[in-house]
Amino acid sequence: MTDIKRMVAAAVVLLLMGSLQAQEVRTGTFWDNWFVQMGLDMTLQNPYGYDFSKVFPNGKSFGIDVAAGKWFSPQVGMRGKLNWENKLPLLENDHANWLAPFYEPGVNRDKGGYIAVYGDVLLNIHNLLGTYRPDRKWNASVYPRISVNYNFGVKKGALAAGFGILNTYRLNDRWSVYGDIAYTMTGSGFVGSDRTKATGTGSNSNGYLAIDIGAQLELGKKDKDEEFNTKGFTSSIWDNWFVQAGLDMSLMNPYGCNFSKVIPKGMTFGLNGAIGKWFTPEFALRARVQWDNGLIPNNGVEWLPPTNDPKRNYKKGGLATGALDAILNLTNTFAGYNPDRKWHTSAYLRMGIITQFVESSASPLGGAGIEETFLLNEKWSLFGAMGYQVSTSEGMGYSSTGRDVAAGSNGFFDIDFGVRMDIGGAP
C-alpha cells in the first residue's frame, strides 16, 4: 500500500517540477513523434510468502515485448505495451515453480504462459528538469503504469499497477536502443498460490520485477531542428494550467451483484478536485482526488464495506481515490487548435489508488472516460465527465468477490460535473 501511494506521489511531484522549465516547444501534429519498440525481457516473480533470494530459478521467466508510443511534447508521452511471457521456444524455464499453477514446472508454459497489457505515462527527466535538445543521445524517463494481465496456466487475470524507468540511447535519427526496468504489483488471482489468497495488491504482497532490452524506431517525418516545432503554445511556466472542482455520483458495481439494484445499494455521492497542465493543445496531465460517501450519506448503500452495517462506511469517512489522468483533447487532435472554440471533447486514461477508510486498505485503480467542457469566458468553463474505473476486490471491499476473480470484475461508474478555471491560458 505504501509503495503504491509513493508511486502516485512521485509522478505528481515530477509533473509539478517539470512546469518550472519554460520551453516554447510542442508537437506539430498528432501524427508526429510516434515510436515503436521491440525487445526481450526477464521477469522475477515476487509472490507473497516466498523467499525472494530463491527467485533464481523458481520465479524467473523470459518473454518478448512490443510497444507503440507518442511524445506529445519533449516532456511527456504515452506508451502502450504488450508482453508475452514464458512461452516462446528458447525462452523457457523448466524450473519456474512460482508461475501458477505453483510447483508444477512446465505446466504454465505448456498452457500458454501469461500476457500483460500496459499503459505507461512517460515523463522525460532530462527535458522536465533541464532544456530540450533534439541531438541528445541519452534520455531517461520515469513512468507510472496501469495494466491488466492474464495467466493461461490458471485461466485468471488481475488488475496491476507499477512504476518504472526507461533509458534510451540514440544511434541515429531513426534508431535507438533501450533498457527498461519496472516493478508491477498484481492480484493473487494472477499469482495463483494458496499463500497469496489472503493478500491483495493493496498491501504490495504480489508482484514481479521486469528487465527489458530492445530496439526503438522513430516514426514519421524526421527533421533534426523541427523534431518538436516551436509554435509558442507554452510561452511561460505559468501558461496552460487549470484547476477544477465538482460533485460526483458513483455507482458501485462489485462482482456478483445485480447492477439493476445499484440504486440505492451501490450509489454514493462525493466531491472531487484536480490540478493539471496542458503540455500541448492535444495532451494534458491531471492530478485528481475524489472523496465519496463522506459528506452526503446514502444509508441504503449495501455494496460498500462492511456490508452488514451500511452506515458504518459513512461514519468512518467513506472512500477516496487519488489518480493521475492522461487527457487527450479529441477536438483539438482531429479538428485543429482554435482558442475561441467553446466545446471540447476529451478522453482520459486514469491510473491511481482507491482506499476504503473503514478498512484502511488501498488498491490499484484503473479507468477511462469521456469529458465535455464548455468555455464560458477566458478563465471559466463548465465540465461534465463519465467514466468507468476498475479495482481489485480489496479496493472494493465487498466480501463476496474473493481475492482471485479476474480483472475488470470489480468497478464503478463515475459521473462528475463542476467548474474549471484556466490559469494563464486555455487549450
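Student: Which element has the lowest mean pLDDT here, and which the highest?
Tutor: Helix α1 (residues 2-18) has the lowest mean among the elements of the chain, 47, and strand β3 (residues 76-85) has the highest, 95, where pLDDT is the predictor's confidence in each residue, from 0 to 100. Helices (H or I, at least four residues) and strands (E, at least two) are DSSP runs numbered from the N terminus. This is a predicted model, in which local features need pLDDT of at least 70 and side-chain atom pairs count only at pLDDT 80 or more, while totals for chains, interfaces and linings use all residues. Residues are numbered from 1 along each chain as its sequence is written, and side-chain values use heavy atoms, with hydrogens and water left out.

Student: And what is the mean pLDDT of the chain?
Tutor: The chain has a mean pLDDT of 81, with 80% of its residues at 70 or more. Over residues 230-235, however, the pLDDT is below 50, and that stretch has 21 contacts in the model beyond near neighbours in sequence, a contact being heavy atoms within 4.5 Å.

Student: OK, the barrel: how many strands close into it, and in what order?
Tutor: Eight strands close into the barrel, in the order β1-β2-β3-β4-β5-β6-β7-β8, with antiparallel pairing; two strands count as paired if DSSP finds at least two bridges between them. Between β7 (residues 175-186) and β8 (residues 207-218), the antiparallel pairing runs over eleven bridges, and Asp 180 stands opposite Asp 212 in β8.

Student: Which salt-bridge network are Asp 180 and Asp 212 linked in?
Tutor: The network links them with Arg 79, Lys 81, Asp 120 and Arg 145, a salt bridge being a side-chain nitrogen of Lys or Arg within 4 Å of a carboxyl oxygen of Asp or Glu. Within it, Asp 120 forms a salt bridge with Arg 145, their closest N and O atoms being 2.9 Å apart. Asp 120 lies in strand β4 and Arg 145 in strand β5, so the pair ties together parts 25 residues apart in sequence.

Student: Are Asp 120 and Arg 145 buried or exposed?
Tutor: Both Asp 120 and Arg 145 are buried, which is to say under 20% relative accessible area, with exposed meaning over 50% and partly exposed in between (1.4 Å probe, protein chains only).

Student: Switching topic, what does the side chain of Asp 414 meet in a salt bridge?
Tutor: The side chain of Asp 414 meets that of Arg 288, at 3.3 Å from N to O. Asp 414 in strand β16 (residues 411-423) and Arg 288 in strand β11 are 126 residues apart, so this pair links distant parts of the chain. Asp 414 is buried at 0% relative accessible area, and Arg 288 is buried at 3%.
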